[in-house]
Amino acid sequence: MTVYFIRHAQSEANLKDILASRRDFPLTEKGRADAQAIAAEFREIAELDRVVSSPLLRAQQTAEPIAKAFGLKVETDERIIEQELGVFSGMTYAQLDERPDYEHERSKRWNWVPAGGGESYEMIAERLEPFFRSLEKKPEERVLFVTHAVTMRLIKAHLEQTLPQYPNPIAKNGEIWKTEFTGLGKKHEVESIFLGGSAAAESRA
């Protein structure tokens, strides 16, 4: 099964250095233009049977032009939504720098549960297990999943079989990961693809 994961294009939260979590922020003008460019270039190098997006607006707005380019409808899957960060959702990174109760060390977030109903990295990894199991049922499909920075961090850890360790760097806005998925619990090679100017985008998470 050929599977692609893409981080949404630049959002207003990315531009303003806000930790969006599950709050809805639209794409910026640049993000919308990048999504269109990615869609056009992606159509030239790939074939897709489905486009599946996180329910959040920034992911949906990234998915729509890509799905349109392939003549597909956007499907939605709650399991690839971004991390719930509880009380820290919507804060700027400058505000987070003043919060000792925020886990600033990326490598220590496996068991850290953000106050106010937040979600640890372990919890994200657990919700991704049934997602990956569902992929095993359709081995011939070619699917693009539109998701988010932190969720992609745990997706990659699943694919590369490193849990509870996970990559410190995050995907750039619009960065695409490609893998030939053969089943949960197997080690996969993950290829990065940069289209539509996505190589230049940076953000924190």
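The largest nonpolar core in this predicted model has 27 residues. Seven of them touch the most other members: Phe5, Leu128, Phe131, Phe132, Leu135, Phe145 and Leu154. Four elements give two or more residues each: S1, helix H5 (121-135), S4 and H6. H5 gives the most, with seven residues. In soluble globular proteins, nonpolar side chains tend to be buried together.

Take Leu154 as a way in. Leaving aside residues up to four places away in sequence, Leu154 touches Trp110, Tyr121, Ile124, Ala125, Leu128 and Leu163. Leu128 is also among the core members with the most contacts to other members.

There is a second core, separate from this one. This second core holds 18 residues, including Ile38, Ala46, Leu144 and Val146.

Now turn to the sheet. Six strands form an open sheet in the order S3-S2-S4-S1-S5-S6, and the pairing is mixed. Strand S3 (74-76) and strand S6 (191-193) are the edges, each pairing on one side only. On average, neighbouring strands are turned by 25° against each other, direction ignored. Strands of a sheet pair through backbone hydrogen bonds, either parallel or antiparallel.

Look at one pair. Strand S1 (residues 2-7) runs parallel to strand S4 (residues 142-147), and six bridges join them. Within this pair, Thr2 stands opposite Arg142 in S4. Helix H6 (residues 149-160) packs on the sheet and touches S1, S4 and strand S5 (176-180). The direction of H6 makes about 150° with that of S1. S1, S4 and H6 bring the path back to the largest core, to which each gives two or more residues.

Notes. Residues are numbered from 1 along each chain as its sequence is written. This is a predicted model: local features need pLDDT of at least 70, side-chain atom pairs count only at pLDDT 80 or more; totals for chains, interfaces and linings use all residues. Side-chain values use heavy atoms; hydrogens and water are left out. Two strands pair if DSSP finds at least two bridges between them. Axes are lines fitted to C-alpha atoms, for helices over the stretch in contact, and angles run from 0 to 180 degrees between N-to-C directions. Contact means heavy atoms within 4.5 Å. A nonpolar core is a set of buried Ala, Val, Leu, Ile, Met, Phe, Trp, Tyr and Cys residues joined through side-chain atoms within 4.5 Å. Buried means under 20% relative accessible area, exposed over 50%, partly exposed in between (1.4 Å probe, protein chains only).
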